[in-house]
Amino acid sequence: MRDDTGGSRDLSEFELIELFAERPPDPRRVRVGIGDDASVVATRGGIVTSVDTVVEGVHFRRDWSTAEQIGAKAAGAALSDLAAMGTGDTGVDIYLSLGAPRSTDTDFLRDLARGAGQAATRHGATLAGGDTVASPVLFLAVSVIAHVDDPAKPVRRGGAQAGDAVAVTGALGCARAGLWLLEDPGLPVLPELSAEIRLVLINRQLEAVPRIPAGVVLAAAGANAMIDLSDGLVADLGHIARASGPDREGLSIRIDADRIPSGPGVEAVATAAGLDRFGLALTGGEDYELAVTLPPDRVEEARAGLERLGLPLTVIGEVSAPSPEMPAGVVVEFEGKRHDPGPGGHDHFA
């Protein structure tokens with residue numbers, strides 16, 4: 001891990017590097033880790049790589065999140081991309097690039113490093129290297145690399161088949177509801193929204209828990225396509241619909257809004273905020289659950305596997321070939337009628 005910050009108050013560049021090197025990598029895989037000009041990793045059949053970036057004021061605010069939460073969320077969000085490929089359960093290296101203002105408090109940086117390191121350890125990954133640089137705004141760019149025996153093993157988002165069932169893990173809308181509560185502390189206090197539920201929703205916004213074991217189970221159960229729900233259900237299923245089909249010409253995904261599992265308190269927050277009752281579950285991002293398409297005869301196998309993890313799997317729709325009545329893309333229905341979910345999820349450049 002190199003450093004260009006010039007230090008942060010009483011923390012030198014070398015001391016900052018040491019913060020991220022407190023958890024030594026697995027020597028069986030990472031032969032040279034943090035502290036040299038580059039890392040050296042022993043690999044095997046193939047690697048699966050993803051990069052994710054979190055930026056202050058866009059993905060987090062320091063008045064909402066602790067430094068440990070920020071570091072953990074950055075690592076968790078990147079690892080979630082591996083979960084969506086059905087990988088990440090063995091041999092994952094994390095490379096973290098940190099940009100921080102020179103005046104950043106030393107204790108804050110220590111806690112940030114601790115949060116990222118603890119998240120890596122919790123999910124069986126190792127922090128293998130990275131970079132640090134002085135920046136006018138705090139950001140973390142996280143690269144994750146999973147080592148797999150078979151390069152054909154990862155589940156791609158473009159593999160959906162006409163006739164597949166569409167399902168999701170967990171409950172949706174929680175993170176967006178939590179964000180709404182953080183943005184508007186004056187939101188009416190509702191009987192359905194106990195202090196415990198309020199805290200659960202807020203924590204879902206401040207955290208990113210990658211569904212790595214669930215992704216592995218779904219891949220083994222015959223998942224044809226999979227994606228993590230970071231931008232919102234409609235937007236992310238749209239990625240699957242557009243990338244699938246013969247010659248990637250696109251397929252149609254129909255979902256029944258009333259079957260979507262929303263978390264406790266989500267509908268109450270939506271109602272209090274004057275939103276559509278399905279709005280947060282359909283378009284709210286950062287849930288980091290998995291959406292998957294499966295052959296119908298494999299759904300029960302997948303559901304049983306996830307039950308052993310304590311995670312529900314809910315079928316919410318199906319995939320079909322596009323037609324004039326059901327064009328390529330995502331169609332949302334409620335009680336047999338088309339339902340307009342509004343803007344379909346998060347777009348950084350919209």
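Which residues is Ala116 in contact with, leaving aside its neighbours within four places in sequence? They are Gly71, Ala72, Ala75 and Leu96, where contact means heavy atoms within 4.5 Å.

## Basis of the model

This is a predicted model, in which local features need pLDDT of at least 70 and side-chain atom pairs count only at pLDDT 80 or more, while totals for chains, interfaces and linings use all residues. Residues are numbered from 1 along each chain as its sequence is written, and side-chain values use heavy atoms, with hydrogens and water left out.

## Overall figures

The protein chain has 10 helices and 14 strands. Helices (H or I, at least four residues) and strands (E, at least two) are DSSP runs, numbered from the N terminus. Of the chain's 350 residues, 51% count as buried; buried means under 20% relative accessible area, exposed over 50%, and partly exposed in between (1.4 Å probe, protein chains only).

Among contacts with a separation of 6 or more, 84% are made by residues 24 or more positions apart. The chain exposes about 15,300 Å², of which carbon and sulfur atoms supply 52%. These areas come from the Shrake-Rupley method with a 1.4 Å probe; for residues, only the protein chains shown count as cover.

## The seven-stranded sheet

An open sheet of 7 strands has mixed pairing and the order β9-β11-β8-β12-β10-β13-β14. Its edge strands are β9 (225-228) and β14 (337-338), each of which pairs on one side only. Two strands pair if DSSP finds at least two bridges between them. At the β14 edge, 2 bridges join this strand to β13 (residues 329-334), and the two run antiparallel. Phe334 stands opposite Lys337 of β14. Helix α6 (residues 212-220) packs on the sheet and touches β8 (165-169), β9, β11 (290-294) and β12 (313-320); the direction of α6 makes about 5° with that of β11. Helix α10 (residues 299-307) also packs on the sheet, touching β8, β11 and β12, and its direction makes about 150° with that of β12. For these angles, axes are lines fitted to C-alpha atoms, for helices over the stretch in contact, and the angles run from 0 to 180 degrees between N-to-C directions.

At the other edge, β9 and β11 run antiparallel and are joined by 4 bridges, with Ile227 opposite Ala291 of β11. Both faces of β9 are covered: Ala225 and Ile227 are buried on one side, Met226 and Asp228 on the other. Strand β12 pairs in the antiparallel sense with β8 over 5 bridges and with β10 (residues 252-256) over 4 bridges. Val166 stands opposite Gly317 in the β8-β12 pair, and Ser252 has Ser320 of β12 as its bridge partner.

## Helices α4 and α9

Helix α4 (residues 174-183) is mostly covered, with 7 of its 10 residues buried. These are Cys174, Ala175, Ala177, Gly178, Leu179, Leu181 and Leu182. They pack against α5 (195-206), α8 (266-272) and α9.

Leu280 belongs to helix α9 (residues 279-283) and counts as buried because its relative accessible area is 5%. Not counting residues up to four places away in sequence, Leu280 touches Gly173, Arg176, Ala177, Val266, Val269, Ala270 and Leu275. Leu280 and Glu267 are 13 residues apart in sequence, and their C-alpha atoms are 7.8 Å apart.

## The loop between α9 and β11

Glu286 lies in the loop between α9 and β11, as does Tyr288. Phi is near 65° for Glu286 and near 55° for Tyr288; each is a positive value in a residue other than glycine. Glu286 counts as buried because its relative accessibility is 17%, and Tyr288 because its value is 6%.

## Helix α3 and the charge-ring pairs

Ala116 is found in helix α3 (residues 106-122) and counts as buried at 3% relative accessibility. Its C-alpha atom is 9.4 Å from that of Ala67, 49 residues away along the chain.

The charged end of Arg62 sits over the ring of Phe108, 4.6 Å from its centre. The charged end of Arg61 sits over the ring of Trp64, 4.0 Å from its centre. A charge sits over a ring if NZ of Lys or CZ of Arg is within 6 Å of the ring centre and within 35 degrees of the ring normal.
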